[in-house]
Amino acid sequence: MSRPVIRIVAAVVLGADDRLLVVRKRGTTAFMQPGGKIEPGEQPLDALSREVREELGVGFDASAAEELGHFQAPAANEPGHVVGAWLYRVHLDGKPRAQAEMAWIDPHAPGDIELAPLTRDAVLGLIRR
């Protein structure tokens, strides 16, 4: 039996020093990309714009967003589920002010920080290329 898929969109944000922005929502243990669930009838970039504004208090130029692809990974916060994620590299139009916890990590040496499977298995590989 296949696991239920949660449709999400996530932002890959690199700082000037090539560090990767990750966030951790309250009550969770894993850091991940800013983003979230795509609402019914919503396009991925529209969902990403909404989620980034909600989570980081800033926006980005959607016309300059670089689509990195669609990936699947075990869901970090919903046991027994898989995320089907559209990933986009974006450049924020201001300084992020996360609504939860935020960190900038070195994608080549993230340290002992707990990362969501999508971040660990897909995003880091894309950035290291």
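Student: Let's start with the surface: how much accessible area does the protein chain have, and what share of it belongs to carbon and sulfur atoms?
Tutor: In this predicted model, the accessible surface comes to about 7000 Å², and carbon and sulfur atoms hold 49% of that.

Student: And how much of the protein chain counts as buried?
Tutor: Of its 129 residues, 46% do. A residue gets that label when its relative accessible area is under 20%.

Student: What is the secondary structure made of, and in what order do the elements run?
Tutor: There are 2 helices and 6 strands. From the N terminus on, you read β-β-β-α-β-β-β-α.

Student: What makes the protein chain as compact as a globular protein of its length?
Tutor: Set the radius of gyration against the globule rule: the chain has 14 Å, and the rule gives 14 Å for 129 residues, so the label fits. As for overall extent, the C-alpha trace spans about 45 × 35 × 30 Å along its principal axes.

Student: What share of the contacts with a separation of 6 or more comes from residues 24 or more positions apart?
Tutor: That share is 65%.

Student: How far apart are the mean positions of the positive and negative charges?
Tutor: They are 3 Å apart, with 15 positive and 18 negative charges going into the calculation.

Student: On to helix H2. How do you know that its length is close to what is expected?
Tutor: H2 covers residues 117-128, which is 12 residues. Its first and last C-alpha atoms are 16 Å apart, and 16 Å is what you'd expect at 1.5 Å a residue, so the two values agree.

Student: Which elements do the buried residues of H2 pack against?
Tutor: Strands S1 (5-12), S2 (20-24), S4 (66-74) and S5 (82-89). The buried residues include Leu 118, Ala 122, Leu 126 and Ile 127.

Student: Thr 119 is in H2 too. Why is Thr 119 called buried?
Tutor: Its relative accessible area is 1%, and the cut-off is under 20%, so Thr 119 qualifies. Beyond its neighbours within four places in sequence, Thr 119 is in contact with Leu 20, Val 22, Phe 31, Met 32, Gln 33 and Leu 124.

Student: Now helix H1. Why does Leu 48 count as buried, while Leu 45 is called partly exposed?
Tutor: Both sit in H1, Leu 48 and Leu 45. Leu 48 has 0% relative accessibility, which is under 20%, so it is buried. Leu 45 has 23%, which falls between the 20% and 50% cut-offs, so it is partly exposed.

Student: What does each of them touch, leaving aside residues up to four places away?
Tutor: Leu 48 is in contact with Val 9, Ala 10, Ala 11, Pro 34, Gly 35, Phe 60, Tyr 88 and Val 90. Leu 45 touches Phe 60, Ala 62, Ala 65 and Tyr 88.

Student: What makes Gly 111 exposed?
Tutor: Its relative accessible area is 61%, which is over 50%, so exposed is the right word. Gly 111 belongs to the loop between strand S6 (101-105) and H2. Its C-alpha atom is 27 Å from that of Leu 48 and 25 Å from that of Pro 79.

Student: One last thing: what is notable about the phi of Asp 18?
Tutor: Asp 18 is not a glycine, yet its phi is positive, about 65°. Most residues other than glycine have a negative phi. You'll find Asp 18 in the loop between S1 and S2.

Definitions and conventions:
Residues are numbered from 1 along each chain as its sequence is written. This is a predicted model: local features need pLDDT of at least 70, side-chain atom pairs count only at pLDDT 80 or more; totals for chains, interfaces and linings use all residues. Side-chain values use heavy atoms; hydrogens and water are left out. Helices (H or I, at least four residues) and strands (E, at least two) are DSSP runs, numbered from the N terminus. The radius of gyration is taken over C-alpha atoms; the globule rule is 2.2 Å times the number of residues to the power 0.38. Buried means under 20% relative accessible area, exposed over 50%, partly exposed in between (1.4 Å probe, protein chains only). Contact means heavy atoms within 4.5 Å. Accessible areas come from the Shrake-Rupley method with a 1.4 Å probe; for residues, only the protein chains shown count as cover. Lys and Arg count as positive and Asp and Glu as negative; His and the chain ends are not counted. The place of a charge is taken as NZ of Lys, CZ of Arg, CG of Asp or CD of Glu.
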